[in-house]
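Welcome, and take a moment to look over the model before reading on. The report below walks through its core, a pair of helices, its cysteines and some backbone details.

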Amino acid sequence: MGNPPAVVLLSGGLDSTTVLAIAKHQGFEPHALSFDYGQRHGIELKAAQRVARSMGVSNHIVTTINLRSFGGSALTADIAVPHHESIEELSEAIPITYVPARNTIFLSFALALAETLGSGDIFIGVNALDYSGYPDCRPEYIRAYEAMANLATKAGVEGQHRLHIHTPLIELSKAEIVRLGLSLKVDYALTHSCYDPSPAGEPCGTCDSCLLREKGFREAGVDDPASKHWPT
């Protein structure tokens, strides 16, 4: 009968790429979903396309929505991305790189795609341990969204299946994520994590995302295979 379909939210970064590998390893047929949402750059979308191709994803949808029309984030407005000299400088406050309601919007699209596929499974790479403090990455948020989704869909109301939002990274450190991905043969050289890369695509090395990525590889005791693209 073939592998069951699952929707995997794929940004092209370290976490979502690892989740795609996990979905495949668990026997799902992944349908990758990425977004051109008006973010600062399109480099991550190119990374998502590379990752999807390398992992043999037959259905990779890139959907365009315009969150830049709302702004409110350094990723969707003319607001400077914060830079830091070390990871110790990261604040526990919700940073300006938080995009208002982004995961809620992305999950809604994923929910619609899952229902059309007859799938009850969505994978998302949210993480509540080594992360930037985004409120829509927490376990309680995911539980609430899952409950809502099962009340708001034809499949849920008619009892065809219950939607399950898979969050396999939510309680892992970045180092644990890196080790898990490497055990699944993830090629992290294909990925991109930086919020504020150069026009050539070189990671800045000092934004929140770059610092968290560097911490993960350092604590995992392995070199970041994408480090050759980093400025010296």
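Two residues are said to touch, or to be in contact, when they have heavy atoms within 4.5 Å. With that in mind, start at Ile122, which touches Val7, Leu107, Ala110, Leu111, Ala114, Leu163, His164, Ile165 and His166, leaving aside residues up to four places away in sequence.

A word on the model itself: it is predicted, so local features need pLDDT of at least 70 and side-chain atom pairs count only at pLDDT 80 or more, while totals for chains, interfaces and linings use all residues. Residues are numbered from 1 along each chain as its sequence is written, and side-chain values use heavy atoms, with hydrogens and water left out.

**The nonpolar cores**

Ile122 belongs to the largest nonpolar core, which has 33 residues. Such a core is a set of buried Ala, Val, Leu, Ile, Met, Phe, Trp, Tyr and Cys residues joined through side-chain atoms within 4.5 Å. Buried means under 20% relative accessible area, exposed means over 50%, and partly exposed lies in between (1.4 Å probe, protein chains only). Which members touch the most other members of this core? They are Leu9, Tyr37, Leu107, Ile122 and Ile142. Strand E1 (5-9), strand E2 (29-36), H3 and H4 are the elements that give two or more residues to this core. H3 gives the most, with six residues. Helices (H or I, at least four residues) and strands (E, at least two) are DSSP runs, numbered from the N terminus. There is also a second, separate core of 25 residues, and it includes Leu20, Ala21, Phe123 and Val178.

**Two helices that meet**

Now follow helix H3 (residues 102-117) and helix H4 (residues 139-152): their axes come within 12 Å and cross at roughly 35 degrees. Axes here are lines fitted to C-alpha atoms, for helices over the stretch in contact, and angles run from 0 to 180 degrees between N-to-C directions. On the H3 side, Asn103, Thr104, Leu107, Ser108 and Leu111 meet Tyr141, Ile142, Tyr145 and Ala149 of H4.

Ala149 deserves a closer look. This H4 residue is buried, at 0% relative accessibility. Ala149 touches Leu111 and Leu163, not counting residues up to four places away in sequence. Ala149 and Arg162 are 13 residues apart in sequence and 8.8 Å apart in space, C-alpha to C-alpha.

**Cysteines without a bond**

How many disulfides does the structure hold? The structure holds zero. A disulfide is counted when a pair of cysteine sulfur atoms lies within 2.5 Å. The sulfur of Cys194 is 3.5 Å from the closest cysteine sulfur, in Cys204, so the two are too far apart for a bond. Cys210 is in no disulfide either, and its nearest cysteine sulfur, that of Cys194, is 3.6 Å away. Both cysteines are buried, Cys194 with a relative accessible area of 2% and Cys210 with 1%.

**Two positive phi angles**

Most residues other than glycine have a negative phi, and most peptide bonds are trans. The table shows two residues with a positive phi, neither of them a glycine.

| Residue | Phi | Loop | Relative accessibility |
|---|---|---|---|
| Ala101 | about 65 degrees | between strand E3 (59-64) and H3 | 34%, partly exposed |
| Lys185 | about 70 degrees | between helix H6 (174-183) and helix H7 (208-220) | 72%, exposed |
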